Each structure stands twice: as C-alpha cells, then as structure tokens.
Amino acid sequence: MSQKNIAASQKASQTKGKNKSAKDKRVHSVKGMRDFLENDQLLLEKIFDTFKELTRFYNYRLISTPIVEPLELFERSNGEQSDIVQKEMYQVKARGSSKKLGLRPEFTPSAVRAYIENGLTHQPHPVKLALYGPLFRHDKPQLGRYRQFHQADLEIFSTKNNPLYDAQIILASYRLFEAFKINDVIIQINSIGCKACRPNYVKQLAEYYKKNKKSACEDCKDRLPKNTLRLLDCKKEKCQELKSSVPMSLEHLCVECKTHFKSVLEFLEELGLPYNLNHTLVRGLDYYSKTVFEFTLEKTDANEKFQNLSLGGGGRYDYLVEHFGARHTPAVGVALGVDRIMDLIKERKLSITVRPKDKIFLIHIGELAKRKSLPLIEELRKSKIQIREALGKESLAAQLKIADKLGVKIALIFGQKEAFEDSVIIRDMKTGAQETVPLAKIAKVLKKRL
Ligand code: HAM
C-alpha cells in the first residue's frame with residue numbers, strides 16, 4: 001500500500017470512528033450470558049459455600065477440571081449425534097492448532113477423564129468427587145436457561161454398583177435444597193435398565209411409537225430410529241397423550257436392575273425423601289444406565305413458572321469409565337442447576353443472608369487523621385475486625401450519613417486531636433455514649449464491644 005493510500009484509509013477510519021454514536025461504541029455481553037453484580041455474586045458464592053460444606057460432611061473430594069477439554073471427550077461420552085454435541089456445544093480452536101476443543105457443557109465426562117488420568121482408579125473405593133463452576137451450552141435462552149450457567153456436581157466411582165450410592169447422591173442434593181429453604185422438591189425417579197434389559201424395552205417402545213406414528217410430532221418421528229428412548233422426553237403438546245400410555249421401562253427390567261431400583265427406593269423411604277416414580281423420565285444425556293432422577297418442584301399454582309424446570313438431575317453411568325479405556329467401574333452422579341436455584345431463591349424472596357452486616361464505621365476529620373486511617377484499618381484487619389470507611393469524603397456530615405444508612409453499631413471518630421495523640425473516639429451509635437481509647441488498645445476494646 002502506498003503512503004498516500006495508508007493516509008487515506010487512516011483518515012477514513014478516523015471519520016468512521018467519529019461518526020459512531022456513543023451507544024454504538026458499547027460492547028455487550030454474549031446472548032444468554034450475564035454479569036453477576038454484587039448481590040448475585042454473593043448468592044452464587046453462598047450456594048457454592050453451602051455445597052462445599054456438604055461435600056466435606058459427606059466426604060467428597062473437591063477437584064476442579066479445565067473449562068476447555070478435547071471435543072472428543074464430550075463426543076465420546078454422549079455420542080457424536082447427541083443434541084448436546086450436535087446443537088449445544090461451543091467449539092473453540094486454538095490458533096495454529098488443528099486439535100478440536102470444546103467448552104465443557106457438563107462435568108461428568110471431565111470427572112471421568114480426571115479420575116482415569118490422575119490414577120484415582122488405584123485409590124481405595126468409593127472415590128467420591130465434587131466439582132463446581134461455570135459451564136456452557138448453546139441453549140435457547142429463557143427463564144432458568146442460560147448459555148453460561150453453573151452446576152454443583154457430585155460423582156461416586158465404586159467397585160460395585162451399590163444402590164446405597166444412588167441414595168447418598170440424592171440425599172446430599174436434597175440437603176442442599178433444604179439449606180436454602182426450598183422444601184417442596186420432589187425427586188422424579190426411574191430406572192432405564194442396563195445393557196442386558198434395555199434393548200428389549202427400547203424394542204417395545206419403538207414398536208409402540210411405530211404403531212402410533214401418526215399421533216407423534218415431527219421431531220419424534222425423526223428421532224424414532226436414532227434415539228427411541230429420547231421420545232419419552234418430548235415436551236410437545238401433540239405427544240403428551242401418546243406418552244401417557246407408553247410401555248414402562250420398570251416392567252422390562254432384568255432381575256438385577258429391579259433389585260437395584262427397589263433398594264434405592266427403600267433407602268429413600270428410610271430417609272423420608274419424597275419421590276415420584278416417573279415412567280417417562282429418561283434424561284437428555286446418553287450415558288445413563290439403571291437409576292435416573294431429576295429434582296422438580298411440587299405442582300402448585302405458585303410454582304407454575306418453575307414447573308417445567310428441573311433444578312438438578314443425574315443418575316447411574318456404569319459403562320462410561322470402561323468406555324474411556326479403564327476397568328469396569330460403576331458410577332453415579334448428580335449436577336444441581338445453581339442458576340435455577342438462584343432464580344428460585346430470588347423469585348421467592350427467601351431471606352438468605354449473604355453479606356455480613358457492617359458493624360463499625362470509621363469517621364475521619366482532617367488530613368492527618370486521613371493519613372493515619374489506612375494503617376489503623378490495617379491494624380484492625382490483622383485482628384479480623386471488619387470496618388467500613390468513606391476516606392474519599394471530607395465532610396463529617398456526609399460520613400455520618402453513610403454510617404447511619406449502614407446502621408452500624410459503632411462509629412470510630414478519628415479527628416485531628418485524636419490523630420495527634422494516637423487515640424480514637426468510640427461512639428455507640430444507639431446511645432450516643434463516647435469513650436476515647438488509645439490506638440494500641442482499640443482492637444481489644446472493639447472485640448469486647450462486638
Ligand atoms: P443435566 O440434566 O444436563 O445433567 O444438567 C443438570 C442441571 O443443570 C439441570 O437439571 C439444570 O438445573 C442445570 N442446567 C442444565 N442446562 C442449563 C442451562 N442451559 N441453564 C441453566 N441451568 C442448566 C448433567 O449435566 C449431568 N452431567 C448430571 C450428572 C452428573 N449425571 C451424572 N453425574
């Protein structure tokens with residue numbers, strides 16, 4: 001490009017920039033992805049903290065895995081033709097590399113990979129893992145459905161497919177809902193059988209749908225030869241009547257699957273957890289066998305908005321570990337939809353205290369006090385005393401107004417005289433009583449007062 005051309009194109013781009021309105025210059029977040037401002041962020045962390053507490057109590061080991069994984073991990077877990085791989089995955093490509101990568105849409109495949117890759121296979125079993133964090137699915141954004149969302153996830157790898165673990169996974173999930181005063185959760189549960197008995201059930205199901213093909217929606221007709229079980233997942237009005245009289249998987253289970261499922265239900269009954277045998281529950285992911293479950297809200301008018309949203313789900317996946325080349329390892333897991341739990345907490349205006357109330361406010365008057373305020377706050381921080389300030393403000397009235405608004409119990413008044421004498425006034429905001437205390441003793445006195 002000649003000098004003349006470069007100058008001309010520079011000028012053109014400058015003019016273009018000038019013509020852009022202030023609004024045009026803004027960059028927006030990606031559709032279906034959100035910022036979490038302070039209150040939401042605090043609530044998110046509160047949910048994760050409660051989850052972490054539960055995992056400690058129930059002896060899960062907290063791990064974290066990368067957000068980006070080889071695309072193959074998800075393709076092989078769910079099948080290349082599955083909805084999650086075909087429609088919902090974000091694929092990423094590193095510059096200069098031909099390797100196909102994907103943003104994780106769920107934790108289970110990563111947990112399996114990490115379990116095998118890090119030799120957890122050789123550790124005493126059961127190996128109980130907990131994971132939490134953001135995930136990505138190119139879903140249609142709507143209430144409770146985001147393109148970046150969060151899960152709290154539990155996985156148990158064991159030597160035998162013991163129904164006790166299915167119950168333990170469900171129990172821990174239920175306790176998380178309870179911790180947030182969500183006490184009207186119903187466990188939707190079903191068994192979709194194992195490699196031995198499922199093919200026969202799928203055959204019966206396919207025959208039923210073939211016979212009634214006319215009454216099925218177009219999507220179901222299309223899915224019938226590819227993934228018959230998923231027909232039970234259809235939410236379209238047209239298919240609801242058909243669904244109401246489908247053959248039930250429970251009637252086609254082999255003895256082992258039947259015994260396993262019966263035992264899971266007995267554990268739930270022993271624990272007093274409310275469940276509903278849901279014959280059409282099959283789950284949207286392809287690796288499941290035997291027990292599958294989801295958490296939904298009781299059907300009430302007040303819950304209508306959340307009626308079709310599952311707050312979490314999971315099940316057994318006894319074949320996934322060996323599918324990735326390790327020895328046969330039965331496993332069961334769950335993922336709780338943290339964003340949906342947040343939405344519900346907000347909808348119900350449940351009072352979940354997320355930010356500890358401020359108790360002390362530091363008021364400074366004059367330059368010397370302002371300068372000495374920072375080391376004073378640091379001293380208090382060492383004693384784990386939380387303190388609010390408005391050092392950017394100069395006027396006493398403005399600072400008092402903030403202290404009042406925060407409803408603090410104590411104001412520390414740090415004036416010129418006090419700063420000079422290395423002391424501070426402690427003012428009880430309720431009674432107005434004041435006491436001057438040497439800076440060296442302030443932490444001790446405040447601890448006593450709080
Ligand atoms: P899932 O049913 O795909 O299962 O997701 C679990 C939960 O994540 C859902 O019940 C829902 O609450 C939440 N969720 C899913 N997609 C979205 C979205 N787009 N926006 C907001 N929330 C969403 C799994 O992910 C399995 N890995 C669970 C599992 C663990 N199975 C065995 N171990």
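In this predicted model, the largest nonpolar core holds 52 residues, of which I47, I182, I189 and F295 touch the most other members. Several helices and strands give two or more residues to this core: helices α2 (38-57), α6 (163-179), α10 (255-271) and α12 (338-347), together with strands β6 (148-157), β7 (185-191), β9 (289-297) and β11 (331-337). The largest share comes from α6, which supplies nine residues. A second core, separate from the one just described, has 41 residues, and L224, L229, L281 and L320 are among them. In soluble globular proteins, nonpolar side chains tend to be buried together.

Strand β11, listed above among the contributors to the largest core, also contains A331. The relative accessible area of A331 is 0%. A331 therefore counts as buried, a term that requires a value under 20%. Along the chain, A331 and P109 are 222 residues apart, and their C-alpha atoms are separated by 12 Å.

The ligand is surrounded by 27 residues, and those that come nearest are E106, T108, Y146, Y288 and S310. Nitrogen atoms of the ligand take part in several polar contacts. For T108, a polar side-chain atom lies 2.8 Å from a ligand nitrogen atom. For D139, the corresponding distance from a polar side-chain atom to a nitrogen atom of the ligand is 2.9 Å. In the case of Y146, a polar backbone atom is 2.8 Å from a nitrogen atom of the ligand. The ligand exposes 660 Å² when taken alone, and 96% of that area is buried by the protein.

The shell around the ligand receives two or more residues from each of the strands β6, β10 (312-316) and β11. Strands β6 and β11 also give two or more residues to the largest nonpolar core. By residue class, the shell is made up of nine nonpolar, 10 polar and eight charged residues.

At the level of the whole chain, the protein is divided into two parts, domain 1 and domain 2. Domain 1 is assigned two segments, 38-197 and 253-347, whereas domain 2 is assigned the segment 360-449. The C-alpha centres of domain 1 and domain 2 lie 49 Å apart.

Definitions and conventions
Residues are numbered from 1 along each chain as its sequence is written. This is a predicted model: local features need pLDDT of at least 70, side-chain atom pairs count only at pLDDT 80 or more; totals for chains, interfaces and linings use all residues. Side-chain values use heavy atoms; hydrogens and water are left out. A nonpolar core is a set of buried Ala, Val, Leu, Ile, Met, Phe, Trp, Tyr and Cys residues joined through side-chain atoms within 4.5 Å. Buried means under 20% relative accessible area, exposed over 50%, partly exposed in between (1.4 Å probe, protein chains only). Helices (H or I, at least four residues) and strands (E, at least two) are DSSP runs, numbered from the N terminus. A residue is near a molecule or strand if one of its heavy atoms lies within 4 Å of it. A polar contact is a pair of N or O atoms within 3.5 Å; within protein, one must be able to donate a hydrogen and the other to accept it, and residues adjacent in sequence count only if both atoms are side-chain atoms. Accessible areas come from the Shrake-Rupley method with a 1.4 Å probe; for residues, only the protein chains shown count as cover. Ala, Val, Leu, Ile, Met, Phe, Trp, Tyr, Cys and Pro count as nonpolar, Asp, Glu, Lys and Arg as charged, and the others, Gly among them, as polar. Domain bounds come from an automatic or database domain assignment.
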